[in-house]
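The following paragraphs lead the reader through one structure. Please keep the sequence and the three-dimensional view at hand while reading.

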Amino acid sequence: MTVSVPADPYDFELDPETTALVIIDMQRDFLEPGGFGSMLGNDVSLLASTIEPLQQVLAAARAIGMPVIHTREGHRADLADAPPAKLARGRLSCGIGDPGPFGRVLVRGEHGHDIVDELAPIDGEPILDKPGKGAFYATDLELLLRNRAVRRLIVTGVTTEVCVHTTVREANDRGFECLVLSDCVGSYFPEFHQVGLQMIAAQGGIFGWVAPSSQLLARLEAAGLLAAASTSTTTII
Ligand code: C5J
């Protein structure tokens, strides 16, 4: 089955059987007051608006059996996987690995490193811990996707111009087609968010496609997928 989603620069054709939802770094450290993002002086409320639409998309993906993959940016407790250049960047008084209000900043297992409660992964949804900005770098994301014959990604999460953009570029170079949901990605810098989305869809979709989540949900519903899923326990993939 092909579902056609109105998008920029043109319709994104997706087959739910070969598409995965990727949720990037919806971690307390980036989204919640007191986390690393706010310690850097950012207004984290700018990211909060992504949570509700993303909850709806996540519920839809789960309902139709679309694979869902969560990522988290962070490091081992001994910081052995953190490049010295990354640790030094910003000359921060409280940076990666240092104790903060949510535990050690961007360290795996700490409260701030984990995903916000509203989008908590459930059994069967892989959580990829990534040391870099891109979700393909030093992770087994590509292997997971190829093993499930996934060819298209619905990309969501934070932040638009950093980890989302890097991941979309990595995916594009590997031959995956990406639809970025404009209201399910967010940035501390509204202008970077806007331009970041424009950059993805420019030049005929040089990195991918962009659409609001309402278009995706409407097309899944029109295709009967969401209604069918609510009366069936069968998963599509
Ligand atoms: C950042 C991210 N902004 N997830 N990480 O450092 O975008």
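An oxygen atom of the ligand is 3.1 Å from an N or O atom in the side chain of Lys 133. The model in which this distance is found is a predicted one. Lys 133 is one of the residues that surround the ligand; the others are Asp 25, Phe 30, Glu 73, Val 158, Thr 159, Val 162 and Cys 163. Two further polar atoms of the protein may be located from the ligand. A nitrogen atom of the ligand is 2.8 Å from an N or O atom in the side chain of Asp 25, and a ligand nitrogen is placed 3.0 Å from a polar backbone atom of Val 158.

Asp 25 deserves a second look. This residue belongs to the loop between β3 and α1 (28–31). Its phi is near 55 degrees, a positive value in a residue other than glycine. Is Asp 25 buried or exposed? Because its relative accessibility is 0%, Asp 25 counts as buried.

Val 158 leads to another backbone feature. The peptide bond that joins Val 158 to Thr 159 is cis, with omega near -10 degrees. Thr 159 has its place in the loop between β8 and α7. A second cis peptide bond runs from Asp 8 to Pro 9, with omega near 10 degrees, and Pro 9 is found in the loop between β1 (3–5) and β2 (12–14).

The strands may now be considered together. Six of them form an open sheet with parallel pairing, in the order β7-β4-β3-β8-β9-β10. At its edges are β7 (127–130) and β10 (209–211), each of which pairs on one side only. From one strand to the next, the twist averages 25 degrees.

Within this sheet, β4 pairs with β3 in the parallel sense over 4 bridges, and Ile 23 stands opposite His 70 of β4. The pairing of β4 with β7 is likewise parallel and comprises 4 bridges; here Thr 71 stands opposite Leu 128 in β7. How many of the residues of β4 are buried? The count is 6 of 6, and β4 is thus described as mostly covered. In a regular strand the side chains alternate between the two faces of the sheet. In β4, Val 68, His 70 and Arg 72 are buried on one side, while Ile 69, Thr 71 and Glu 73 are buried on the other, and both faces are covered. Glu 73 is also among the residues that surround the ligand.

Elsewhere in the sheet, β8 (residues 152–158) and β9 (residues 177–186) pair in the parallel sense over 6 bridges. Val 158, whose backbone was met beside the ligand, has Gly 186 of β9 as its bridge partner. Helix α7 (residues 160–173) packs on the sheet and touches β3 (19–24), β4 (68–73), β7, β8 and β9; its direction makes about 165 degrees with that of β8. Helix α8 (residues 190–205) also packs on the sheet, touching β9 and β10, and its direction makes about 165 degrees with that of β9.

The length of α7 can be checked by a short calculation. At 1.5 Å a residue, its 14 residues should span 20 Å, and the end C-alpha atoms are 18 Å apart, which agrees. The buried residues of α7 are Thr 160, Cys 163, Val 164, His 165, Thr 167, Val 168, Glu 170 and Ala 171. What covers them includes β3, β4, β7, β8, β9 and α8. Following α7 is Gly 175, whose phi is positive, near 90 degrees.

The loop between β9 and α8 contains Ser 187. Its relative accessible area is 4%, so Ser 187 is buried. With which side chain does the side chain of Ser 187 make a polar contact? The partner is Glu 161, at 2.8 Å. In addition, the backbone nitrogen of Phe 189 lies 2.9 Å from a polar atom of the Ser 187 side chain. Leaving aside neighbours within four places in sequence, the contacts of Ser 187 are Leu 46, Leu 47, Thr 159, Thr 160, Glu 161, Phe 192 and His 193.

One last backbone feature remains. Leu 106, in the loop between β6 (103–104) and β7, has phi near 50 degrees, a positive value in a residue other than glycine. Leu 106 is buried, because its relative accessible area is 1%.

Key:
Residues numbered from 1 in each chain as written. Predicted model: local features only at pLDDT ≥ 70, side-chain atom pairs only at ≥ 80, totals over all residues. Heavy atoms only, no water. Pairing = 2+ DSSP bridges. Helix = DSSP H or I, 4+ residues; strand = E, 2+ residues; numbered from the N terminus. Axes fitted to C-alpha atoms, helices over the stretch in contact; angles between N-to-C directions. Contact = heavy atoms within 4.5 Å. Expected span 1.5 Å × (residues − 1). Buried < 20%, exposed > 50% of the residue type's maximum accessible area, 1.4 Å probe, protein only. Near = heavy atom within 4 Å. Polar contact = N/O pair within 3.5 Å; in protein donor to acceptor, adjacent residues only side chain to side chain.
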